[in-house]
Amino acid sequence: MGALWHGFADMGAIERDGAFVVTRGEGAYIWDDAGTRYLDATAGLWFTNVGHGRTEIGDAIAAQVAELAHYSNFGDLTSEPAVELAERLAAIAPVPGSKIFFTSGGSDSVDSAAKLARRYWQEVGKPGKRLLVSREKAYHGMHVGGTSLAGIPVNGEGYGRLWEDTAQVAWDDAKALLELVDSVGADSIAAFFCEPVIGAGGVYLPPDGYLAEVRDICRDHDILFVVDEVVTGFGRIGGSWFASSRFDLSPDMITTAKGLTSGYLPMGALFVAPRVAEPFFAGGVWWRHGYTYGGHAAAAAAALANLDIIEREDLLAEAARIERTLHEKLAPLAEHPRVAEVRSGVGAVAAVQLADPAEALGFVTTLRRHGISGRAAGQGAMQISPSFVMTDEQIADLADGIAAALG
């Protein structure tokens with residue numbers, strides 16, 4: 001029996017059948033411990049935006065570790081890579097003048113945003129604004145705050161009520177948010193959390209006009225608008241650094257991680273608009289929050305090298321190309337009797353929804369026999385979120401492999 005406890009796993013099944021051990025990667029491919037090659041349909045877990053095997057990022061990490069691996073960012077302490085990365089992120093932030101708070105990953109970023117939302121309203125004299133609102137199907141990480149905000153019921157089972165003052169509304173109807181505001185009062189709502197494209201909940205694209213409508217509801221009722229771009233950020237939305245830019249969302253906060261370093265080291269960042277940051281930068285006010293590895297120097301070096309690659313190779317445009325090609329190549333799969341629908345067309349993401357969700361986990365194993373490493377998300381959806389270096393020919397191979405696995 002192995003010692004490793006996998007996340008989101010039936011450990012009894014893994015003890016029985018063994019783990020799928022990935023040993024190396026190059027571009028859009030990975031290899032297992034038997035030397036078999038697979039197309040990586042999910043870019044790890046949504047994150048390997050620049051592809052596997054980028055020695056340039058490894059070299060940047062090694063050089064930084066040799067100089068200084070990390071130092072605390074508490075108080076007045078920091079490191080040069082953290083300062084440089086914060087300035088660089090502020091320069092591409094959808095909201096000019098944003099401040100950058102570093103975390104160790106997406107769950108950290110979400111919990112930080114949740115705490116800061118409540119702390120902000122305390123500071124500006126509206127302590128009654130405490131309710132944190134999210135959507136059905138939403139995934140906001142697995143810390144206590146993110147679990148409480150989850151719109152995926154099974155992810156919250158067995159823990160009891162972790163955080164009070166949270167609520168969910170329908171994922172696809174902005175009027176549901178407005179009805180909640182009318183019901184409980186805007187003076188009790190601190191923030192609305194919104195994934196531009198619902199990710200782990202099954203890859204659900206925003207209905208036409210939805211994002212602009214909830215943005216305006218938040219503005220009109222003085223509710224902080226928190227856009228969760230852990231998945232969509234750093235190019236995954238296609239053609240832009242962030243969905244907040246593509247859809248002109250002007251959020252109060254943006255949670256990010258994953259594509260920030262393309263997964264080469266763990267790191268996240270919370271983008272905070274000037275309105276929310278101002279009370280804490282005026283002097284004399286502390287936000288008593290932070291992480292030991294927030295702004296990790298080597299992770300910051302990885303992120304800087306990652307951003308260099310995205311810019312130099314114009315991978316934002318490549319992600320837009322992948323959006324179009326996925327939409328074209330996957331569309332025919334919707335005609336298969338085992339497929340309920342194909343969701344694609346907004347960002348370098350897609351889902352092939354199986355008609356019978358119970359088949360999903362077994363289908364992941366079947367995909368491997370056809371040279372594809374995939375993953376189930378939501379209720380029976382095959383998550384597709386390739387790296388931005390995947391070619392159109394490889395996407396065609398991906399679609400062909402899925403079709404073969406469907407039989």
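This section describes a pocket, a nonpolar surface patch and two backbone positions in a predicted model.

The second largest pocket of the model encloses a volume of about 1,100 Å³, and its lining is formed by 31 residues, of which Asn73, Gly75, Ile100, Phe101 and Phe281 lie nearest the centre. The elements that contribute two or more residues to this lining are helix 4 (80–92), strand 4 (99–103) and helix 10 (274–281), with helix 4 supplying the largest share, five residues. When the lining of the second largest pocket is divided by class, 19 residues are nonpolar, eight are polar and four are charged.

On the surface, Leu68, Tyr71 and Leu77 together make a nonpolar patch of about 270 Å². Within this patch, tyrosine 71 is located in the loop that runs between helix 3 (55–67) and helix 4, and the residue counts as partly exposed because its relative accessibility is 47%, a value between the limits of 20% and 50% that bound this class.

Most residues other than glycine have a negative phi. Against this background, aspartate 222, in the loop between helix 8 (210–220) and strand 8 (224–228), adopts a positive phi near 55 degrees, and its relative accessible area of 27% places aspartate 222 among partly exposed residues. A positive phi, of about 45 degrees, is likewise found at serine 250, which is not a glycine; serine 250 belongs to the loop between helix 9 (243–246) and strand 9 (253–256) and, with a relative accessible area of 34%, is also partly exposed.

Note on methods: Residues are numbered from 1 along each chain as its sequence is written. This is a predicted model: local features need pLDDT of at least 70, side-chain atom pairs count only at pLDDT 80 or more; totals for chains, interfaces and linings use all residues. Side-chain values use heavy atoms; hydrogens and water are left out. On a 1 Å grid over the protein atoms alone, a cavity is a set of points where a 1.4 Å probe fits but cannot get out, and a pocket is an open set with protein on both sides within 12 Å along at least five of seven lines; lining residues have an atom within 4 Å of a point. Grid points are joined across faces, edges and corners, and a volume is the space filled by probe spheres set on the points. Helices (H or I, at least four residues) and strands (E, at least two) are DSSP runs, numbered from the N terminus. Ala, Val, Leu, Ile, Met, Phe, Trp, Tyr, Cys and Pro count as nonpolar, Asp, Glu, Lys and Arg as charged, and the others, Gly among them, as polar. Patches are made of residues with over 30% relative accessible area and no salt bridge: like charges are joined within 9 Å, nonpolar side chains (Val, Leu, Ile, Met, Phe, Trp, Tyr) within 5 Å. Accessible areas come from the Shrake-Rupley method with a 1.4 Å probe; for residues, only the protein chains shown count as cover. A salt bridge is a side-chain nitrogen of Lys or Arg within 4 Å of a carboxyl oxygen of Asp or Glu. Buried means under 20% relative accessible area, exposed over 50%, partly exposed in between (1.4 Å probe, protein chains only).
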